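Visitor: Could you take me in for a close look at the part where the protein meets the DNA, and then walk me outwards from there?

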There are 4 protein chains.
Amino acid sequence: MCFLERGYHQTGVRDIANRAQVSLGNLYNHFPGKHDVLVEIAMLERKEMDPFLKILAMRSPTPKVLDKFIRAYSKYLAAPENVILTLEISSEAIRQPDIAQLFVENRAELTDALTAVVKRGIDDKDFRAVPDPEQASQIIIEVLEGSAYRSVLSEVPMRKLMGSVKDFILTSLLPRQG
Amino acid sequence: MCFLERGYHQTGVRDIANRAQVSLGNLYNHFPGKHDVLVEIAMLERKEMDPFLKILAMRSPTPKVLDKFIRAYSKYLAAPENVILTLEISSEAIRQPDIAQLFVENRAELTDALTAVVKRGIDDKDFRAVPDPEQASQIIIEVLEGSAYRSVLSEVPMRKLMGSVKDFILTSLLPRQG
Amino acid sequence: MCFLERGYHQTGVRDIANRAQVSLGNLYNHFPGKHDVLVEIAMLERKEMDPFLKILAMRSPTPKVLDKFIRAYSKYLAAPENVILTLEISSEAIRQPDIAQLFVENRAELTDALTAVVKRGIDDKDFRAVPDPEQASQIIIEVLEGSAYRSVLSEVPMRKLMGSVKDFILTSLLPRQG
Amino acid sequence: MCFLERGYHQTGVRDIANRAQVSLGNLYNHFPGKHDVLVEIAMLERKEMDPFLKILAMRSPTPKVLDKFIRAYSKYLAAPENVILTLEISSEAIRQPDIAQLFVENRAELTDALTAVVKRGIDDKDFRAVPDPEQASQIIIEVLEGSAYRSVLSEVPMRKLMGSVKDFILTSLLPRQG
DNA sequence: AATGAATGAGATTTCATTCAT
DNA sequence: TATGAATGAAATCTCATTCAT
C-alpha cells in the first residue's frame, strides 16, 4: 500500500510499520531491511498470476483461450494499483539484480504458459506460424502492460483501449486467410 | 547522467552539482529544486525525437517510412541509457502531474506523426484499415519500448529481439492479401 | 538556554540537540520540529507563574497582597533570562498563531488572578474604583515587564527602577485620600 | 516592509533587494550587509518621533500637552506595523549592541521631552510631585507601547484600551486633590 | 552605480537501521 | 516476539556575501 501511494523511495520504513500496525523494531525482526520488503512483495505478486496461468492451461481451442486470457489480464491491469506496483518494481529492477531476477522469473512464468498456448495454436493451425512464439508471447504481454500504463497516465479507462489492443494482437496472430 | 547511474531518488542534488562542476548553491540559482532538474531533462528528451519526426514526415511509400522509423527508433532504444531514462521519467510521472503532462506531450508528438503515416498508408492501401490508427500508433511505440526494456533487463541485445518485433508490427499492419 | 543565549532564529536545532546531550535524530523523535521546542518552552513558562498565582490567591488585605506580588514578580523579572525569553516568545507570537495563543493564555492566567485582587481591593475600599479592573491589571503587568526590559537594555538593575514603578502603580490604584 | 511581514531573521537579503527593485549586488553597494539595513531602519524610525517631540515642546498647559501627546502617540501605535517594527528592533537590540544603543537613543529623545513636560507640570502644580520625573516618563511610554502590543496580539483595537490607559496614567500623575 | 552568477557553510528535517529492554 | 528510543549520515534547500563584468 505504501509503495503504491508514495513510491518505494518516498516510503519510509516507519510508514510501512505504521501501516502494518507493527512496531518499527518488530518490522526488523521479520525483514532484514526495506529492500527485502519489496522483494517479499515481488514474490507475492507472482501468486497473483495463478488465475492467468490456469486460464492459459485450459485445453479449449487456442483462440478462445487467448481471448479469455486477454480479457482476464486486461481486467487485472485495469486496476491502476497493479500497474503502478509493476512499474515500481520494474524501476527498481534496473539497479537491483535480485529484484530484476524475480521480475524476470515472474514474467517468465506467464510468458512460458502463453508461449505454450501460441505453439499449440500454431500446431492446430488456429494461429499463424509466427517466427518465434516465445518472443510473440513477450510482445503480447508488453502490449497489454504498455496500454495499461498509458491508461493510468492519460486517465483513459483501459476498456476504451482494449478494442484496438485486441485487434492488434489478434491480427498479428491469426492466420492470414480469416 | 546521475539519474541514469543511480536513479532519480538515489541521486542527491549534491551529486548533480558535482557532476555539473557547479557549486551546490549555484545549482539552486538555476533550478528551483531537484524536481525541476528532472523536468528540464524531460524537456530535453523531447528534442531527441526530432530525427524520428523527420523520418515520419518523409513522403516515401509508407511501408518504407515505417520500416525506416522502426529501424531508427529501435537503434535509439538499443542504448540502455535512453530506456532507463524513459523508465525513470515514467516512474516519476505516476505521482507528479507536471512530469506526466510532459511525458504525455512528448509521446503525443511521436504518435501523432506516426498516426499520420498509418493513415496515409491506409489511404494508399499499403496498410490494412486498422480500426483506430492513433491507437495502433501508440501500440507500435509501446511494443518497441517494451522490447527495449526487456532487452535491458534480460541483457539480450535489442537487435536479437527486433526480428519478432518487426514481424509482429508489420503483420498487424500490412494488408491480409500480401 | 540556547534560545536565551542566541535567540530563537539564531539557534540551530543542532545546538539544541548538543546542549540537551541528545543526538540530532533523536531530538526529532521527541519534537516534530524546532517550532515545537519553542511551544514546549512557552508551556513550561506557564508553570513558572504558579508562585505568583499563589500570592495573588492569598486572602490578606489587598494592598499587602499587591505589594507582595509586585515584589515577587519584579524579583523574577530582575533575572534577564526571564525577560529575554519572554521577549523572544513575544516576538514569535506576532507571526505564529499558536505561540500567540499560548502567550495570551499564560498572560491571562496572571492577569485574571490580579484582576480578582483589584476587584476585591475596590470592594474593600482599599483601592480606587478604577474604571476597568481587568485593564488595570494588564497595565500593571505591562509596566513591570516594560521596566524589566528597560533594565536589561540599559543595564540598570531592576531594583533601581522599582521605586518609581511601585509609586506609579500604587498612586494609580490607591484611593485618592491616602 | 520585509521585516514587518516576515521578521528580520526570516527575511532574506534577496527579499529586500527584490522589494526595493534593486539588484542583489547593488544592494551591497549601498549597505555593507543585512544588519546595516536594520540599523538604517532604526535610524529612520527616529524621524517618526518628530511630530511627538513637537507636541511635547508646546508651551500650553502641561495637562493639555500630555493629553495631546497620549492621543497622538497612541494613534501612531494603533498601526500594527509600528508596533511590530518596534518589537522587531527591541528583539534584535538584546544581542546587538549597536541596535541597542540606537534604540535607547531613540527612546531617550522621546522620554527627555516627556520628562521636561512632567517637570514643568510639577512646577506649575498641574502634576503631582512624582519622585522621579524621568522614570515616570519612561513608564508612561512603556504603558502605551505595552498596550499597543497587547492590542496587536489579542486583536482588540487600540482605542478600546485607551480609556483605561489614560485613566491609569493621569491618575498617577495628576495631583491628588483633583 | 549596477548586475546576477557563484560560493560554501549552514539550515532543518528524514531516514534506514540498531539495540537495550 | 515485541518495543520505541537512539543514532548519525545524508537529504534538500537557504543564506549572506563576493566578485568579475
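Guide: Sure, let's start right at DNA strand F. At least two residues each of the surface near this strand come from helix 3 of chain A, helix 2 (13-19) and helix 3 of chain B, helix 3 of chain C, and helix 2 (13-19) and helix 3 of chain D. Keep in mind as we go that this is a predicted model. In total, 28 residues surround DNA strand F, and the closest are Gly25(A), Gly12(B), Ser23(C), Gly25(C) and Gly33(D). Sort that surface by class and you get 10 nonpolar, 14 polar and four charged residues.

Now hop over to DNA strand E. Here too 28 residues do the surrounding, with Gly33(A), Ser23(B), Gly25(B), Gly12(C) and Gly25(D) the closest. The elements that give two or more residues to this surface are helix 2 (13-19) and helix 3 (24-30) of chain A, helix 3 (24-30) of chain B, helix 2 (13-19) and helix 3 (24-30) of chain C, and helix 3 (24-30) of chain D. The class tally for the surface near DNA strand E reads 10 nonpolar, 14 polar and four charged.

What does the record say about this stretch? For chain A, an unreviewed UniProt entry lists residues 12-31 as "DNA-binding region". In the model, residues 12-31 of chain A are 70% helix and 0% strand, and the C-alpha atoms at the two ends sit 14 Å apart.

Stay with chain A and step back a bit. Its domain assignment gives domain 1 (1-30) and domain 2 (42-173). Taken over C-alpha atoms, the centres of these two domains of chain A are separated by 30 Å. Where they touch, four residues of domain 1 of chain A are in contact with five residues of domain 2 of chain A. On the domain 1 side, that makes three nonpolar, one polar and no charged residues.

Next, the chain-to-chain contacts. Between chains A and B, chain A puts in 37 residues and chain B 35. On the chain A side, helix 7 (80-93), helix 8 (97-123), helix 9 (133-153) and helix 10 each supply at least two residues. Helix 9 of chain A has the largest share of that side, at 12 residues. By class, the side of chain A that touches chain B splits into 17 nonpolar, 13 polar and seven charged.

Zoom in on one piece of this pairing: helix 10 (residues 158-173) of chain A packs with helix 9 (residues 133-154) of chain B at an angle of about 65°, their axes 9 Å apart. The crossing of these two helices is right-handed. Who meets whom? From helix 10 of chain A come Leu161(A), Ser164(A), Val165(A) and Phe168(A), and from helix 9 of chain B come Gln135(B), Ala136(B) and Ile139(B). This helix contact counts five nonpolar residues, two polar ones and no charged ones.

Last stop, chains C and D. Their contact takes 36 residues from chain D and 36 residues from chain C. At least two residues of the chain D side come from each of helix 7 (80-93), helix 8 (97-123), helix 9 (133-154) and helix 10 (158-173) of chain D. Helix 9 of chain D gives the most to that side, with 12 residues. The side of chain D that touches chain C divides into 17 nonpolar, 13 polar and six charged residues.

Technical notes: Residues numbered from 1 in each chain as written. Chains lettered and ligands numbered in written order. Predicted model: local features only at pLDDT ≥ 70, side-chain atom pairs only at ≥ 80, totals over all residues. Axes fitted to C-alpha atoms, helices over the stretch in contact; angles between N-to-C directions. Helix = DSSP H or I, 4+ residues; strand = E, 2+ residues; numbered from the N terminus. Left-handed = near helix turned anticlockwise from the far one by under 90°. Contact = placed C-beta atoms within 7 Å. Nonpolar A, V, L, I, M, F, W, Y, C, P; charged D, E, K, R; others polar. UniProt positions renumbered as here; feature names shortened; annotations may be inferred. Domains from an automatic or database assignment. Near = placed C-beta within 6 Å.
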